Each structure stands twice: as C-alpha cells, then as structure tokens.
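Open the structure in your viewer and keep the sequence panel beside it. The stops below say what to select and what is found there.

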Amino acid sequence: GRYGNIVGYRWFGDGYMLIGFTNGFLIVISTHPKEIGQELFQSKTHRDVLNDISISFTLSKAASIGDNCVKLYDLKDLQDTYAIINLEVESGSLHKLEWSGDGQLLSVATNKGEVFTYLTRLPVLGDTYRTSCAYLTSLLEVTVTDLTHPDHSASFSVVTEPVFIALGQHHFAVGMNNRVWIYSLTETKSSEPLLEREYLGTVSEMYMNADYAAVLFEKKIQLHMIEGDSDNDRDSRLFPDK
C-alpha cells in the first residue's frame with residue numbers, strides 16, 4: 001500500500017502502538033477493543049524513506065530516522081517535530097537507532113558500520129550557596145546564577161564531565177572519582193581550574209563556604225582551606241583522625 005512495509009513498531013502508553021513504514025509514514029493504533037483497527041494518528045514524517053523508530057519512556061519522546069536525518073517527537077503530540085538532526089552520511093545508509101534506558105543518549109547506526117551517538121538529556125547536577133546556584137548546562141560547562149538577579153549569570157568551561165558540583169562563596173568545584181577541580185567565580189574568561197586536588201577515596205559529597213571545603217569520602221571527612229597548602233597539616237584536618 002501507500003505506507004510501504006513496516007520497519008519497526010513500539011508499544012507506549014496504555015495499549016498504544018507506534019508503527020513506522022518504509023515510505024516515511026508514522027501511525028498510531030490502539031489495542032483497546034473499541035478502537036482496534038482505527039488509526040489514531042497518521043503522518044508522513046520523512047519525504048522518501050523511513051528506516052527505523054525508537055521510543056524513550058523516560059523522556060516520553062519518540063525518534064525516527066530516514067532521509068539522512070533523525071527526527072524527534074513528543075509522544076503527547078506526535079504531529080510536532082521538535083528537533084531534527086541532520087547526518088552527513090551516504091544516502092540511504094541509515095539503519096537502526098536506539099535510546100539508552102535513561103534517555104540520555106540516542107545512537108544511530110548505518111549499514112556501513114558507523115555509529116553516531118547524541119546527547120539528548122543532561123544529567124541533573126547542581127549545588128546552591130545562599131542565593132546562588134551552580135548547575136550543569138552542557139557536559140563541559142557549568143553556569144552560576146544569583147537567583148535574586150537571574151539576569152546576572154556566568155558560564156564556565158570545565159575540564160571534565162563531572163559527577164558532582166559544589167558551590168561556595170567565591171569558588172565552585174567539579175569532580176569525579178577521587179579528583180576535584182576548583183574554579184574561581186571571578187575568573188569567568190579562563191577555562192583553567194584554580195587548583196586540582198586528589199583525595200584518598202572516591203568523593204561522595206563536597207561542601208564549600210568562603211574559605212573552607214569539607215569533602216566526604218570512604219566514611220571520612222577532610223576539612224581543608226580551599227586555597228591552602230594541601231601538604232600543610234595546619235590547612236587540613238581529617239575526621240575521624242584514626
């Protein structure tokens with residue numbers, strides 16, 4: 001028929017099914033007894049060909065590939081294509097796509113053995129200090145905003161994709177495993193950290209004020225001056241100390 005052949009189908013919602021067809025069509029059907037056989041939605045989303053579809057239940061989004069592009073849709077309104085990713089690949093080479101379980105990554109494979117992976121959701125990372133907050137705005141960027149003056153915000157490039165962020169009065173820090181990179185809030189034009197520290201175990205929490213940082217790792221807390229000498233015992237204390 002005019003739809004072509006089925007290239008993929010995915011269940012979603014309460015008994016609904018999204019079906020993709022080779023001629024570029026997406027349709028939604030229902031398995032509810034009163035609606036069986038009815039098309040609840042139908043749209044030609046790709047001009048020439050549709051190769052595969054995928055759904056992220058975490059994001060409540062759907063995706064399709066075809067015509068050398070990826071199209072993203074909201075499951076609540078499939079008629080609206082809210083994003084298009086154009087791929088520079090050989091025409092007709094798109095093959096499959098799949099979302100990670102947490103909806104953070106969307107991967108596209110070609111029949112030439114190429115795989116493209118796109119970030120579709122940022123991990124939620126951030127911290128607050130008084131009326132300010134620091135949060136991840138891209139994998140390698142942190143933005144700091146004073147919530148009493150939301151127009152006054154600053155973005156900082158960081159050296160690694162962090163797993164935690166800590167904010168103090170004059171500094172913020174990003175870290176992963178046992179390493180932490182501390183940045184000055186006044187050095188907005190520099191992507192270089194003010195200093196880097198390593199701890200004796202994987203850091204699980206970190207808090208800062210104007211001068212000190214408290215770092216929790218391996219059931220111990222290390223309290224030290226932020227810009228102090230890491231080798232100077234007077235600038236650092238470990239609790240418990242045994």
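With the whole protein chain shown as a surface, the exposed area is about 13700 Å², and carbon and sulfur atoms supply 49% of that area. Bear in mind throughout that this is a predicted model. Of the 242 residues, 40% count as buried.

Switch to a cartoon. The protein chain has zero helices and 23 strands. Its radius of gyration is 25 Å, well over the 18 Å given by the globule rule for 242 residues, so the chain is more spread out than a compact globule. Along the principal axes, the C-alpha atoms fill a box of roughly 80 × 40 × 40 Å. Among contacts between residues at least 6 apart in sequence, 30% join residues at least 24 apart.

**Stop 1: strands S1 to S3**

Select residues 6-12, strand S1, together with strand S2; the two run antiparallel and are joined by six bridges. Tyrosine 9 has isoleucine 19 in S2 as its bridge partner. Three residues separate the strands in this hairpin, where glycine 13 takes a positive phi near 60°.

Now add residues 25-30, strand S3. S2 pairs with S3 through five bridges, again in the antiparallel sense. Look for tyrosine 16, which stands opposite serine 30 in S3. The hairpin of S2 and S3 also has three residues between the strands, and here glycine 24 takes a positive phi near 100°.

Is strand S2 largely enclosed or open? Five of its six residues (16-21) are buried, so S2 is largely enclosed by the rest of the structure.

**Stop 2: asparagine 68**

Move to the loop between strand S6 (61-66) and strand S7 (69-74), where asparagine 68 lies. Asparagine 68 has a relative accessible area of 18%, and since buried means under 20%, this residue counts as buried. Which residues touch asparagine 68, leaving aside its neighbours within four places in sequence? The contacts are Ile85, Asn86, Leu87, Val89, Glu90, Ser91, Gly92 and Leu94.

**Stop 3: threonine 81**

Next select strand S8, residues 77-86, and pick out threonine 81. This threonine is partly exposed, at a relative accessible area of 31%. With neighbours within four places in sequence left aside, threonine 81 is in contact with Lys71, Leu72 and Tyr73. For a sense of distance, draw a line from threonine 81 to leucine 194: C-alpha to C-alpha they are 43 Å apart in space, and 113 residues apart in sequence.

**Stop 4: strands S12 and S13**

Select residues 126-129, strand S12, and show the side chains. In a regular strand, side chains alternate between the two faces of the sheet. In S12 the covered face holds Asp127 and Tyr129, while Gly126 and Thr128 make up the uncovered one.

Add strand S13, residues 132-138, which pairs with S12 in the antiparallel sense over four bridges. The bridge partner of glycine 126 in S13 is tyrosine 135. This hairpin has two residues between the strands, and arginine 130 takes a positive phi near 55°.

**Stop 5: a surface patch**

Return to the surface view and select Tyr212, Ile221, Leu223 and Phe239, which make a nonpolar patch of about 320 Å². Isoleucine 221 is found in strand S22, residues 220-225. How exposed is isoleucine 221? Isoleucine 221 is partly exposed, with a relative accessible area of 38%.

Notes: Residues are numbered from 1 along each chain as its sequence is written. This is a predicted model: local features need pLDDT of at least 70, side-chain atom pairs count only at pLDDT 80 or more; totals for chains, interfaces and linings use all residues. Side-chain values use heavy atoms; hydrogens and water are left out. Buried means under 20% relative accessible area, exposed over 50%, partly exposed in between (1.4 Å probe, protein chains only). Two strands pair if DSSP finds at least two bridges between them. Patches are made of residues with over 30% relative accessible area and no salt bridge: like charges are joined within 9 Å, nonpolar side chains (Val, Leu, Ile, Met, Phe, Trp, Tyr) within 5 Å. Accessible areas come from the Shrake-Rupley method with a 1.4 Å probe; for residues, only the protein chains shown count as cover. A salt bridge is a side-chain nitrogen of Lys or Arg within 4 Å of a carboxyl oxygen of Asp or Glu. The radius of gyration is taken over C-alpha atoms; the globule rule is 2.2 Å times the number of residues to the power 0.38. Contact means heavy atoms within 4.5 Å.
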